[in-house]
Amino acid sequence: MRTLLSKSFVVKPIIAIMILAFTNLSFTLADNEVILKAGTLIPLEVLSEINTKNITTGQIIDFKVTKEICVDKNVVIPFGAIAKGQVSRFEKRKGVGKGASIQIQLKSVTAKDGTDVMLTGGNMSEEGENNLVLSIVLAVFVCPLFLLLKGKQAVIPAGTSISATVATDTYIKL
């Protein structure tokens with residue numbers, strides 16, 4: 001009887017269907033999860049003025065998402081979500097008219113479910129105005145102390161726009 005059952009035309013298709021069902025279940029996402037693809041553009045803006053007068057290397061800077069990001073008609077990063085950037089390079093203004101400079105690298109943004117989504121390609125930099133020529137001319141014709149004249153601070157105003165992209169595929173829970 002057992003041999004007859006194993007050779008039956010009904011058993012083999014059932015086994016094949018069960019194998020397919022188990023394989024398919026193990027490779028699908030949960031119904032409440034989506035993938036935010038690498039390369040997705042995230043538009044951002046500076047929340048508050050960044051000024052070299054009161055900043056240091058390594059300092060974390062907040063940015064705001066200016067457009068909600070959706071995957072399969074589901075919002076995964078809402079408008080107003082906070083993104084983090086870090087001051088990667090900073091130079092104070094110096095004598096002989098050299099202006100200050102700053103460079104900020106965008107690091108991550110917080111998704112709707114609290115997941116940190118890593119960002120890439122978002123660098124922002126600004127340099128203060130140099131007064132080198134003015135400093136030298138005044139030092140030569142008026143007084144050598146004008147060589148101590150410093151350049152301007154570097155300032156990035158609040159509301160300045162920048163874009164970054166998602167660095168790697170990220171699973172977001174809905």
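Reader: Which residue forms a salt bridge with E45?

Author: In this predicted model, a salt bridge needs a side-chain nitrogen of Lys or Arg within 4 Å of a carboxyl oxygen of Asp or Glu. The closest N and O atoms of the pair in question are 3.6 Å apart. The partner of E45 is K64.

Reader: How many residues apart are E45 and K64, and in which strands do they lie?

Author: The pair links distant parts of the chain. E45 belongs to strand β2, residues 41–46, and K64 belongs to strand β4, residues 60–65. Along the sequence they are 19 residues apart.

Reader: Are E45 and K64 buried, exposed or in between?

Author: Buried means under 20% relative accessible area and exposed means over 50%. E45 has 22%, and K64 has 23%. E45 therefore counts as partly exposed, and K64 also counts as partly exposed.

Reader: Which residue meets D62 in a salt bridge, and what does the pair tie together?

Author: The N to O distance in this salt bridge is 2.7 Å. D62 lies in strand β4 and its partner in strand β7, residues 82–91, so the bridge ties together parts that are 22 residues apart in sequence. D62 is partly exposed at 31%, and the partner is partly exposed at 33%. That partner is K84.

Reader: How many salt bridges does the count come to, and which residue meets R89 in one?

Author: The count comes to three salt bridges. In the one formed by R89, the N to O distance is 3.8 Å. R89 is partly exposed with a relative accessible area of 30%, and its partner is partly exposed at 28%. The partner of R89 is E91.

Reader: Which residues of strand β13 are on its covered face?

Author: In a regular strand the side chains alternate between the two faces of the sheet. Strand β13 covers residues 170–173, and its uncovered face holds Y171 and K173. The covered face holds T170 and I172.

Reader: Which residue stands opposite Y171?

Author: Strand β1, residues 33–36, pairs with β13 in the antiparallel sense. This pairing runs over four bridges. Opposite Y171 in β13 stands I35.

Reader: Is A81 buried or exposed?

Author: A81 has its place in the loop between β6, residues 74–77, and β7. Its relative accessibility is 10%, and the cut-off for buried is under 20%. A81 therefore counts as buried.

Reader: What distance separates the C-alpha atoms of A81 and V109?

Author: Not counting residues up to four places away in sequence, A81 touches F63, K64, V65, V109 and T110. A81 and V109 are 28 residues apart along the chain. Their C-alpha atoms are separated by 7.2 Å.

Reader: Which residues does T52 contact, leaving aside its neighbours within four places in sequence?

Author: T52 lies in the loop between β3, residues 50–51, and β4. With a relative accessible area of 5%, T52 is buried. The residues in contact with T52 are F90, A100, S101, I102, Q153 and A154.

Reader: Which strand gives the largest share of the largest nonpolar core?

Author: The largest nonpolar core has 33 residues, and those with the most contacts inside it are L36, L44, F63, I77 and I104. Beyond its sequence neighbours within four places, F63 is in contact with residues including L44, A81, I104 and I162. The largest share of the core is four residues, and they come from strand β8.

Reader: What is the phi of D72, and what is that of K73?

Author: D72 lies in the loop between β5, residues 69–71, and β6, and K73 has its place in the loop between β5 and β6. D72 is exposed at 64%, and K73 is exposed at 83%. Neither is a glycine, yet phi is positive in each: about 50° for D72 and about 65° for K73.

Reader: What percentage of the contacts between residues at least 6 apart join residues at least 24 apart?

Author: The protein has three helices and 13 strands. Of its 174 residues, 28% count as buried. Among the contacts between residues at least 6 apart in sequence, the share that joins residues at least 24 apart is 66%.

Technical notes: Residues are numbered from 1 along each chain as its sequence is written. This is a predicted model: local features need pLDDT of at least 70, side-chain atom pairs count only at pLDDT 80 or more; totals for chains, interfaces and linings use all residues. Side-chain values use heavy atoms; hydrogens and water are left out. Helices (H or I, at least four residues) and strands (E, at least two) are DSSP runs, numbered from the N terminus. Buried means under 20% relative accessible area, exposed over 50%, partly exposed in between (1.4 Å probe, protein chains only). Two strands pair if DSSP finds at least two bridges between them. Contact means heavy atoms within 4.5 Å. A nonpolar core is a set of buried Ala, Val, Leu, Ile, Met, Phe, Trp, Tyr and Cys residues joined through side-chain atoms within 4.5 Å.
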